[in-house]
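Please open the model in the viewer and keep the selection panel at hand. The tour proceeds from one side chain to whole chains.

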Amino acid sequence: MNFKGSHILSVSQFDRDAIERVFNVAHQMLPYAKRQKRTTVLNGAILGNLFFEPSTRTRVSFGTAFNLLGGEVRETTGLSNSALAKGESLYDTARVLSGYSDIIAMRHPDSGSVAEFAQGSRIPVINGGDGANEHPTQALLDLYTIQKELLDHGSSIDGMHIAMIGDLKYGRTVHSLSKLLCLFNNVRFTLISPKELAMPTYIIDAIENAGHKYTITHQFEGSVDADICYQTRIQEERFPSQEEANQYRGKFRLNQQIYTKHFQSKTVIMHPLPRDSRAEANELDNDLNLNPNLAIFRQTDNGVLVRMALFAMTLGVENIVTQFDREVLWHVNS
Amino acid sequence: MNFKGSHILSVSQFDRDAIERVFNVAHQMLPYAKRQKRTTVLNGAILGNLFFEPSTRTRVSFGTAFNLLGGEVRETTGLSNSALAKGESLYDTARVLSGYSDIIAMRHPDSGSVAEFAQGSRIPVINGGDGANEHPTQALLDLYTIQKELLDHGSSIDGMHIAMIGDLKYGRTVHSLSKLLCLFNNVRFTLISPKELAMPTYIIDAIENAGHKYTITHQFEGSVDADICYQTRIQEERFPSQEEANQYRGKFRLNQQIYTKHFQSKTVIMHPLPRDSRAEANELDNDLNLNPNLAIFRQTDNGVLVRMALFAMTLGVENIVTQFDREVLWHVNS
Amino acid sequence: MNFKGSHILSVSQFDRDAIERVFNVAHQMLPYAKRQKRTTVLNGAILGNLFFEPSTRTRVSFGTAFNLLGGEVRETTGLSNSALAKGESLYDTARVLSGYSDIIAMRHPDSGSVAEFAQGSRIPVINGGDGANEHPTQALLDLYTIQKELLDHGSSIDGMHIAMIGDLKYGRTVHSLSKLLCLFNNVRFTLISPKELAMPTYIIDAIENAGHKYTITHQFEGSVDADICYQTRIQEERFPSQEEANQYRGKFRLNQQIYTKHFQSKTVIMHPLPRDSRAEANELDNDLNLNPNLAIFRQTDNGVLVRMALFAMTLGVENIVTQFDREVLWHVNS
């Protein structure tokens with residue numbers, strides 16, 4: 001895969017080599033993201049950050065990643081006032097807006113819209129989420145986090161065991177992550193969901209074709225020797241009836257007690273965020289906040305690294321970042 | 001006209017000399033806009049980009065133009081949450097906000113509002129559109145595009161033939177463009193519109209007073225040997241009745257077949273954008289997208305150049321831009 | 001008080017020494033804010049400007065202050081589309097967003113929300129207003145303005161006489177300002193408000209405990225030899241009934257005639273802005289606009305200085321700002 005000048009639209013563009021190259025560059029971005037070093041390699045470059053569907057964290061993460069490379073950000077949020085809402089085609093919008101920046105990150109509520117936009121764009125487009133379809137940078141940051149967490153434990157993605165919990169039918173993140181994991185070897189999947197919200201067959205098929213092993217269950221049971229526990233939210237409106245929802249209510253939540261009962265003490269806890277802290281949802285309890293294996297905020301931190309890597313590679317500067325190092329002067333806690 | 005420190009509020013501020021100076025500077029901005037060169041002449045300067053009426057393309061174009069000169073952008077969009085909506089006067093808003101930046105670009109839904117704001121401002125204000133009144137940077141980018149396209153054909157604005165099509169009564173852009181063309185010599189106008197949406201008398205008078213020639217028709221007919229075909233949208237609600245609207249429906253649209261039938265093969269097609277791609281509107285068909293004379297996206301590209309020129313001239317740095325050249329490192333397709 | 005790495009949440013954090021240090025740094029920021037000098041001390045630093053409750057002037061003032069120190073700004077406005085609105089806890093929001101920037105300025109409609117957010121944040125948080133609770137940078141810019149205006153008159157905060165007028169019950173700004181004034185010596189307060197909107201007892205107690213003198217009245221009367229006249233708006237819906245409101249209507253407005261009748265010719269006029277210019281409100285008449293003692297726009301200008309000071313001190317760069325001076329090239333009127 002040649003990154004320079006390419007669109008990043010789908011996880012299906014990535015082979016294992018491409019992933020490893022992104023992760024290597026992401027790792028090199030760490031001192032810049034931690035403000036130990038400062039680079040200005042993208043001085044003068046402009047990111048068009050087009051969030052036709054609002055999203056605070058993904059939008060800010062893309063913008064921050066570009067700033068950390070020295071570039072500027074021109075931002076658009078919301079769809080209601082845009083020309084798109086007044087009948088302009090995605091092609092026209094893309095032709096026009098791609099004349100205003102060097103690269104575009106785009107979110108849009110409609111499946112396929114980002115790819116359609118990319119066809120009209122004169123500059124690289126990175127998909128920041130197109131409805132139910134794809135959110136490739138989320139999948140990459142999830143996988144990067146898994147690799148990094150496992151490395152800290154002395155292991156690797158090859159041969160690992162991942163438990164995926166919650167709404168596996170509609171959860172875009174677990175589908176994309178599963179596809180990426182099919183590029184690796186000997187992964188074990190434990191898929192825990194309500195029957196009505198089980199992992200789709202085409203993902204199961206991909207897992208099988210990759211030679212991976214999997215177990216499907218509809219409740220937490222016994223000891224799950226997973227390296228990674230990837231938790232997702234269940235929205236009750238996904239069930240065919242409220243009776244179904246009631247039957248499962250609270251059975252796929254994770255708190256410290258359930259964690260201790262079913263998982264190993266080293267199992268890493270992940271979640272795509274945001275998690276709903278309201279009592280009726282609460283898929284990941286706040287009593288896990290002090291658990292050192294709770295990796296959910298390391299995931300969002302890693303998102304900056306992965307997006308920095310994609311920007312640098314797509315704009316072809318990943319090998320010269322360090323040439324533009326400057327001193328960092330200000331105070332940072334982290 | 002002295003640009004340094006001046007407001008840019010109306011096309012009526014410009015004489016031919018001023019226009020030519022802006023266009024010369026705009027032309028010098030091309031290597032920066034194309035990322036062949038990078039300047040930081042406005043390093044540390046701040047644009048207050050105040051879009052009290054939302055507009056993605058004009059807002060981003062202003063912001064990009066300022067970034068490309070090395071400056072920063074602080075942006076405000078929407079009116080509903082502003083102090084203006086809570087009874088603050090435009091004078092107060094201007095006094096306050098002009099303390100936060102070096103120059104302001106402003107759009108507002110009310111005619112005359114930007115000029116009123118400018119009276120309270122301590123820094124230059126560029127009108128980014130004040131309702132039905134003025135949008136001078138659109139008129140300048142239209143005229144700049146005409147000059148550039150004609151130059152490519154070996155001709156010039158003096159002596160050219162322009163066809164204006166569609167809603168010539170309410171179309172702000174064709175009025176402003178016509179006023180600017182009155183500063184040039186021997187322009188021929190062919191004005192094609194429904195009877196109810198004909199060019200207003202005061203514009204016709206200005207065209208006559210400038211010694212230009214014009215023809216008024218209410219349909220495409222015969223061969224129009226225009227150098228420029230400037231197409232605008234007709235909104236059906238502009239007609240006195242739906243019956244009137246129905247009578248004209250589809251008669252002022254342009255597609256490849258109509259273009260071939262009525263225009264020369266070199267006629268340049270322009271439109272202020274956005275164009276409505278929905279079937280019931282469709283004033284400029286997508287089958288023209290591959291026509292090399294379709295200049296609509298060159299118009300928006302040129303808008304960046306013209307806005308860069310106005311910023312540089314208003315802030316008095318147009319002669320030193322090149323002193324702050326830096327290398328460009330990242331990949332650009334265009 | 002140690003600023004480096006600290007949150008700025010409340011005026012109660014400040015003692016007199018801390019205030020004087022902030023004001024000294026703010027004073028040193030003047031040549032940068034006036035574009036006589038340019039610094040890039042915060043080059044590469046990112047401000048997370050989180051305005052979950054919209055506010056044009058405070059938001060832009062924070063952003064401008066950060067830009068003037070050479071930093072970048074990533075902005076979020078509105079609450080409705082945020083994860084907070086979808087049930088995410090302030091803790092989670094803070095943990096995530098504090099991974100995207102070096103410092104955060106935050107406004108939120110709920111009292112106490114900014115402090116709660118700060119507990120989850122890994123970087124310093126500056127309170128930009130949390131509902132009815134606190135808006136410490138407004139209080140600091142008010143006090144800084146008072147000091148500066150009095151210095152121009154050869155006097156100082158110690159020993160001054162301030163008249164506070166209007167809604168003293170609900171006016172957050174007069175409460176915070178009063179608390180800060182309790183750190184100084186021998187201040188005289190003249191408190192002029194409708195009976196129903198009088199200064200709360202706990203503020204009066206603080207004024208007494210500080211050894212200050214005060215007078216309470218319910219109308220303008222006689223000659224008020226105040227150095228400062230701090231005017232606030234009265235919103236009629238604050239009264240228990242429309243009859244009460246009618247009784248006071250127009251009695252706490254200030255115009256040139258009332259000013260001349262009751263105040264000294266040197267009395268400085270302040271207001272937290274925005275002022276409502278509509279006839280039924282009009283707490284500060286436009287006929288005062290040419291009065292040289294009208295300090296309301298000097299207040300907002302000073303807000304940039306105070307915010308620059310707080311950013312520099314919180315990030316620990318206040319002593320090296322001048323080491324990063326550059327030439328300023330562009331034109332400024334002011």
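A polar contact is a pair of N or O atoms within 3.5 Å; within protein, one must be able to donate a hydrogen and the other to accept it, and residues adjacent in sequence count only if both atoms are side-chain atoms. This is a predicted model, in which local features need pLDDT of at least 70 and side-chain atom pairs count only at pLDDT 80 or more, while totals for chains, interfaces and linings use all residues. Residues are numbered from 1 along each chain as its sequence is written, chains are lettered from A and ligands numbered from 1 in the order in which they are written, and side-chain values use heavy atoms, without hydrogens and water.

**First selection: Glu283(C)**

Is Glu283(C) buried or exposed? Glu283(C) is buried, at a relative accessible area of 4% (buried is under 20%, exposed over 50%, partly exposed in between, with a 1.4 Å probe and protein chains only).

Next, display the side chain of His271(C), with which the side chain of Glu283(C) makes a polar contact of 2.9 Å. Then add Asp276(C): its backbone nitrogen lies 3.4 Å from a polar atom of the Glu283(C) side chain.

**Second selection: chains A and B**

Chain A is superposed on chain B by a rotation of 120° with 0.0 Å of shift along its axis (RMSD 0.0 Å); the fit is by least squares on the C-alpha atoms of residues with pLDDT of at least 70 in both copies. The two copies are thus related as by a three-fold rotation axis. Select Glu72(A) now: in chain A, its C-alpha is the nearest to the axis, at 4.8 Å.

**Third selection: residues 7-147 of chain A**

An unreviewed UniProt entry annotates this span as "domain: Aspartate/ornithine carbamoyltransferase carbamoyl-P binding"; positions are in the numbering used here, feature names are shortened, and annotations may be inferred rather than shown by experiment.
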